[in-house]
Every structure is written in structure tokens, then in C-alpha cells.
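Biologist: Got a minute to walk me through this one? I'd like to start with the sheet and then get to the charged side chains.

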Amino acid sequence: MEKVFKAPAKINLTLDVLGKRDDGYHEVEMIMTTVDLADRIHLRLLTSNEIRIEVNKGHVPANKHNHAYQAAYLLKKAFNIQTGVSIFIDKKIPVSAGLAGGSTDAAAVLRGLNDMWNLGLTLEELANIGLKIGSDVPFCVYGGTAVARGRGEKLSFISTPPPCWVVLAKTPAGVSTKDIYGSLQLNNMSHPDTVGMIQAIEQQDFNGICRRLENVMEPATFKLAPEVKTIKERLIQFGADGTVMSGSGPTVFSLTRSDAKAERLYNGLKGFMEEVFVVRLLGDRYDTGEM
Ligand code: ATP
């Protein structure tokens with residue numbers, strides 16, 4: 001039996017870092033929402049006691065280092081499952097992009113195997129298992145729109161933002177999340193208006209949302225990879241309603257409600273960049289994500 005599960009990317013509407021914790025993680029406060037740019041996770045149950053994994057894209061490990069593999073492994077171990085699964089990842093989300101590609105694949109495997117192995121776990125239980133793989137996995141288990149605090153695992157769900165286009169652009173720049181965190185000036189940074197952003201989302205105030213897009217990691221990433229800043233400037237020049245970097249980058253995205261503007265932004269970048277996408281905001285929570 002094979003089933004296919006959708007694993008959507010996330011973007012950060014705001015990203016704030018409040019300080020460094022004793023356990024080495026940073027205390028964050030960020031608003032995340034899902035977009036309709038998704039990997040497809042094909043799961044096929046095996047009678048043999050093994051986890052097989054295949055990915056149709058280089059740069060992604062097809063072994064125990066893959067987050068999707070780790071999700072299957074953790075469930076197998078926790079429930080002493082003696083059969084196996086074959087995982088095929090049809091990768092559409094750019095890798096190492098600030099879009100939680102690996103985390104969402106892991107989350108889709110958790111939801112998918114919960115269904116196919118009839119484990120009957122709640123999303124909360126799956127999120128707790130997912131946290132062992134990465135800080136963004138719990139959010140990806142639920143999807144939707146949430147304020148994430150702690151190391152990203154304490155989630156408060158909020159309304160879905162008003163519908164709009166999301167134009168995403170990823171430069172080939174490799175930015176290391178660790179380096180970006182390391183070069184943050186924690187005592188000297190301006191912080192996003194998170195409360196105002198939550199209000200704007202609750203009031204469906206599209207212009208208010210665009211005005212409050214902010215990510216404290218931008219200065220550090222722009223310094224290490226100036227081309228990311230250039231892309232942001234271009235998107236602003238092309239007339240985007242609001243533009244900001246997602247995660248620690250290097251993906252930058254713009255929001256717009258106008259079809260014509262979305263097309264203009266896409267065409268303006270596609271000429272000289274490979275990884276440009278125009279998608280819709282998803283923003284709603286889902287149950288299993290089966291397709
Ligand atoms: P985040 O936004 O959660 O920080 P990201 O979008 O920046 O994540 P990913 O695409 O998840 O980054 O990739 C980060 C690393 O994880 C890469 O080095 C990649 O090799 C590894 N990885 C492991 N499993 C996967 C997977 N299923 N898909 C993509 N990358 C994976």
C-alpha cells in the first residue's frame with residue numbers, strides 16, 4: 001500500500017530572537033505560516049524490518065541523516081514496530097533555504113505513519129516526538145499559522161492571514177544558521193512588532209501585515225551574503241507590498257494580493273535566478289495532509 005502526503009514549506013512573517021538560553025538554544029518569538037510550496041512524501045509499507053529512503057534531489061542525504069528517516073525511526077522505536085517503510089521524497093522545497101524543508105518532511109512522515117501504522121497518536125504527541133528531530137518540526141506537524149516561542153516549539157495558533165500571493169526567491173548563497181546566530185548583536189537590535197502583527201492578522205489587515213514583516217536575522221545574513229540583500233532590494237523596487245527574509249535565509253519573499261504584481265515580481269527575478277516560486281498562502285491547520 002502506498003500513500004502520498006503533502007509537506008508544505010513555512011515562512012516567517014516575523015522572527016525575533018530574545019536572548020541566549022543556558023541550554024545553548026536561543027529564545028525566539030516568531031510568527032510562522034504555511035505556503036503552498038510542498039514536497040510530496042510517498043510512503044509504502046514493507047513487511048521487512050527496515051527503513052528505505054530515496055530523494056530525487058542531490059544535497060539531501062538519502063540515509064539516517066535525513067529528517068524523514070529519523071521520524072520513521074523514532075516511531076518504529078517508540079512503538080516497537082517490527083515491519084518497515086519505504087520513503088520517497090519528491091523534493092520541491094529549496095534545500096537549506098529557511099523554509100523548514102527537512103522539518104516538514106519529518107512532520108509529514110510522522111502524520112503519515114501515524115495513519116498507516118494505526119498508532120492513534122494526537123498531533124500534540126506527534127509534535128513532541130518531532131521536537132527530538134528539530135525545533136521547527138512541531139509547527140510543521142500542525143501546519144497553519146502560529147506564534148512560536150521557546151526554541152520554536154511553544155505554539156499559539158492564530159487566525160489565517162488574508163489570502164495573497166507569496167513570491168519566494170532563493171539565491172544560491174549558502175548561509176549557515178549557526179554562523180548567523182553567532183553574529184547576532186543581541187543587545188543592539190530593533191525588534192519586530194509581534195503584538196501588532198498578531199492584531200493585523202486577526203483583523204485581516206493586509207497592509208498592516210506587510211508593514212510589520214520583520215526578521216532580526218537580516219542584518220547578519222546580509223553581511224555574510226550581500227546578494228540576499230540585493231534580491232530584497234529588487235523585490236521592493238518591483239513594487240512588492242511587503243518583503244522580508246524567511247528564517248536565517250537565504251530565501252526572501254514578497255506578499256501581494258495583485259495577480260499582475262505577482263507576475264511582474266516573478267518575471268523580474270526569473271531572468272537571472274533559478275529558484276523563484278509564486279504560491280498561495282495556505283495558513284490553515286490540517287489533520288493528516290494525505291493527498
Ligand atoms: P529551517 O528553516 O528549519 O532552519 P532550512 O529550510 O533552512 O531549515 P533544510 O532544507 O531543512 O533547511 O536543510 C537543512 C539541512 O538538513 C541540509 O543540510 C540537509 O542536508 C539536511 N536534511 C536532512 N533531511 C532533509 C530533508 N528531508 N530535506 C531537506 N534537507 C534535509
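Modeller: Sure. One term before we start: two strands pair if DSSP finds at least two bridges between them. Also, keep in mind that this is a predicted model.

Biologist: Fine. In what order do the four strands of the open sheet run?

Modeller: The order is S9-S10-S7-S11, and the pairing is antiparallel.

Biologist: Which strands stand at the edges?

Modeller: Strand S9 (242-245) and strand S11 (275-280). Each has a single partner strand, so one side of each is left without a neighbour in the sheet. As for the twist, it averages 20 degrees from one strand to the next.

Biologist: And over how many bridges do S7 and S10 pair?

Modeller: Six, with S7 covering residues 165-170 and S10 covering residues 251-256. If you want a spot to click on, Trp 165 stands opposite Thr 256 in S10.

Biologist: What does helix H9 touch on the sheet?

Modeller: Helix H9, residues 226-237, packs on it and touches S7, S9 and S10. The helix direction makes about 10 degrees with that of S10.

Biologist: OK, charges now. How many salt bridges does a search of the whole structure find?

Modeller: It finds 14. One of them involves H9: Lys 232 forms a salt bridge with Glu 218, with the closest N and O atoms 2.9 Å apart. That pair links distant parts of the chain, since Lys 232 is in helix H9 and Glu 218 is in helix H8 (residues 218-224), 14 residues apart.

Biologist: Is Lys 232 buried or exposed? And what about Glu 218, buried or exposed?

Modeller: Lys 232 is buried, with a relative accessible area of 16%. Glu 218 is buried too, at 9%. The cut-off for buried is under 20%.

Biologist: Which residue does Asp 241 meet in a salt bridge?

Modeller: Lys 261, at 2.9 Å from N to O. Asp 241 sits in the loop between H9 and S9, while Lys 261 is in helix H10 (residues 259-270), 20 residues apart. Asp 241 is partly exposed, with a relative accessible area of 33%.

Biologist: What about Lys 92, which residue does it bridge to?

Modeller: Asp 90, with the closest N and O atoms 3.1 Å apart. Lys 92 is partly exposed at 41% relative accessible area, whereas Asp 90 is buried at 15%.

Biologist: Which residues are linked in a network of salt bridges?

Modeller: Arg 21, Asp 23 and Glu 27.

Biologist: Switching to Arg 151. Where does it lie?

Modeller: In the loop between strand S5 (145-149) and strand S6 (154-157). Those two strands pair in the antiparallel sense over four bridges, and Val 147 stands opposite Ser 156 in S6. The hairpin has four residues between the strands, and Gly 150 takes a positive phi near 70 degrees there.

Biologist: Which side chain of opposite charge is nearest to Arg 151?

Modeller: Glu 153, but that one is 5.1 Å away. A salt bridge has to be within 4 Å, so Arg 151 has none, although this residue is buried.

Biologist: What polar contact joins the side chain of Arg 151 to another?

Modeller: One of 2.9 Å to the side chain of Ser 135. Leaving aside neighbours within four places in sequence, the contacts of Arg 151 include Arg 21, Tyr 25, His 26 and Leu 131. That brings us back to Arg 21 from the salt-bridge network.

Terms used:
Residues numbered from 1 in each chain as written. Predicted model: local features only at pLDDT ≥ 70, side-chain atom pairs only at ≥ 80, totals over all residues. Heavy atoms only, no water. Buried < 20%, exposed > 50% of the residue type's maximum accessible area, 1.4 Å probe, protein only. Lys, Arg positive; Asp, Glu negative; His and termini not counted. Polar contact = N/O pair within 3.5 Å; in protein donor to acceptor, adjacent residues only side chain to side chain. Contact = heavy atoms within 4.5 Å. Axes fitted to C-alpha atoms, helices over the stretch in contact; angles between N-to-C directions.
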